[in-house]
Amino acid sequence: MSRIALITGGARGIGAAIATALAHDGCDIAIADLPTSDTSAITHSISQLGRQCLVCTGDVSRASDWQQWLATIDQHYGRLDIIVNNAGISGPIAAITDYPDEAFDQVMAINCTGVFLGIKYGAKAMLAYGNGGNIVNISSNAGLGGSPQIIGYSTSKHAVIGLTKSAAKGFATQGIRVNAVCPAPTDTEMVHQLERLAGADIARQRLTAGTPMGRYGQPHEIAAAVVFLASPAASFVTGAILPVDGGSVA
Ligand SMILES: NC(=O)c1ccc[n+]([C@@H]2O[C@H](COP(=O)([O-])OP(=O)(O)OC[C@H]3O[C@@H](n4cnc5c(N)ncnc54)[C@H](O)[C@@H]3O)[C@@H](O)[C@H]2O)c1
């Protein structure tokens, strides 16, 4: 029987690369993304690999949407093996003293509460199926060190690491492994937005200044780490915080 993988924010970018890589690894897929997101390209890619792709719409920061997605996955697939909590937003770039209060709340709701809800409701479903499971959370290199211009983002990504470590210990004897990946700036719409604000060359120089390899990561390079962590090859790995960052933390 195929493993079933749910990827939040799977419509594009790193999430789409993860969905494709997991489908390539033999999983059937469920994508959860905003109702406004275009999922046609990713559903086409998954079907080209001979795998199913179920599309769920909603907002990761709403518990009722998680409950609906998990009910839909239960009806469609009747099992759930992997959850990748990938959906996230960067929020504004501003000095701490200018950072808008409501933006801080929104970034925390999507990047932190969204991951909490995914772990809470996803693990409940996995425990009920009784097959164990894997949860992989997408943090960031901004979750490993302070970034004063993006305080909401950096704070939320540090919180993802706390959620990962706590959940890993909580489920360690229950067959559910919980790990996190910390990418350095990666070539997706999230950094393309910054390139449009600052100019492509300036943004690339700033964003890769702390990356010894001197380039953006590619989404498939992040996805490869997720596939490993979610696979039986990582059967003794839980609570790991894996940088995929061209040497940034070296
Ligand atoms: N691109 C980078 O440089 C980089 C670096 C480190 C970490 N990350 C993290 O990787 C993850 C994916 O980033 P990306 O670069 O692919 O971004 P992206 O903006 O290209 O894609 C994000 C996806 O998440 C979806 N999404 C956003 N808010 C949502 C919500 N509330 N509910 C459901 N879906 C929602 C979007 O619609 C989109 O499909 C994020 O958590 C991001 O913080 C990205």
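A cavity is a set of grid points where a 1.4 Å probe fits but cannot get out, and its lining residues have an atom within 4 Å of a point. The structure described here is a predicted model.

One cavity of 30 Å³ or more was found. The largest cavity has a volume of about 30 Å³. Its lining consists of Thr 8, Val 60, Asn 85, Asn 86, Ala 87, Ile 110, Gly 114 and Val 115. Helix 4, residues 101–129, gives the largest share of this lining, with three residues. Four of the lining residues are nonpolar and four are polar. No charged residue takes part in the lining of the largest cavity.

Open space was examined as well. The second largest pocket holds about 160 Å³ of space. Its lining has 13 residues, and those closest to the pocket centre are Arg 3, Asp 81, Gly 133, Asn 134 and Ala 230. By class, this lining has three nonpolar, six polar and four charged residues.

Two of these central residues were followed further. Asn 134 is located in strand 5. This residue has a relative accessible area of 11% and therefore counts as buried, the limit being under 20%. Asn 134 and Ser 61 are 73 residues apart along the chain, and 20 Å separates their C-alpha atoms.

Arg 3 also takes part in a salt bridge. Its partner is Asp 25, with 2.8 Å between the closest N and O atoms. This pair links distant parts of the chain, 22 residues apart. Arg 3 belongs to the segment before strand 1 (4–8), whereas Asp 25 lies in the loop between helix 1 (13–24) and strand 2 (28–33). Arg 3 is partly exposed, at 22% relative accessibility. Asp 25 is also partly exposed, with a relative accessible area of 38%.

Across the whole structure, the search finds eight salt bridges. One of them joins Arg 62 and Asp 65, whose closest N and O atoms are 3.1 Å apart. The two partners fall into separate accessibility classes. Arg 62 has a relative accessible area of 43%, so this residue is partly exposed. Asp 65 is buried, because its relative accessibility is 13%.

Another salt bridge is formed by the side chains of Arg 196 and Glu 189, at 2.4 Å from N to O. Arg 196 is exposed, with a relative accessible area of 56%. Glu 189 is partly exposed, at 25% relative accessibility. Elsewhere, Glu 195, Asp 201 and Arg 204 are joined into one network by salt bridges that share partners.

The ligand has 29 residues around it. Asp 33, Asn 86, Tyr 153, Thr 186 and Thr 188 come nearest. Asn 86 is also one of the residues that line the largest cavity. Several side chains place polar atoms by the ligand. In Asp 33, a side-chain N or O atom is 2.6 Å from an oxygen atom of the ligand. For Thr 188, the corresponding distance from a side-chain N or O atom to a ligand oxygen is 2.5 Å. Asp 59 faces a nitrogen atom of the ligand instead, with a polar side-chain atom 2.9 Å away.

Strand 5, residues 133–138, also contains Asn 137. This residue is buried, with a relative accessible area of 0%. Its side chain makes a polar contact of 2.9 Å with the side chain of Asn 85. Asn 85, in turn, is among the residues that line the largest cavity.

Ala 234 was examined last. This residue sits in the loop between helix 8 (219–229) and strand 7 (241–244). Ala 234 is buried, with a relative accessible area of 0%. Its C-alpha atom is separated by 12 Å from that of Val 136, and the two residues are 98 residues apart along the chain.

Notes: Residues numbered from 1 in each chain as written. Predicted model: local features only at pLDDT ≥ 70, side-chain atom pairs only at ≥ 80, totals over all residues. Heavy atoms only, no water. 1 Å grid on protein atoms, 1.4 Å probe; cavity = no way out; pocket = protein on both sides within 12 Å on 5 of 7 lines; lining within 4 Å. Points joined across faces, edges and corners; volume = space filled by probe spheres on them. Nonpolar A, V, L, I, M, F, W, Y, C, P; charged D, E, K, R; others polar. Salt bridge = Lys/Arg side-chain N within 4 Å of Asp/Glu carboxyl O. Helix = DSSP H or I, 4+ residues; strand = E, 2+ residues; numbered from the N terminus. Buried < 20%, exposed > 50% of the residue type's maximum accessible area, 1.4 Å probe, protein only. Near = heavy atom within 4 Å. Polar contact = N/O pair within 3.5 Å; in protein donor to acceptor, adjacent residues only side chain to side chain.
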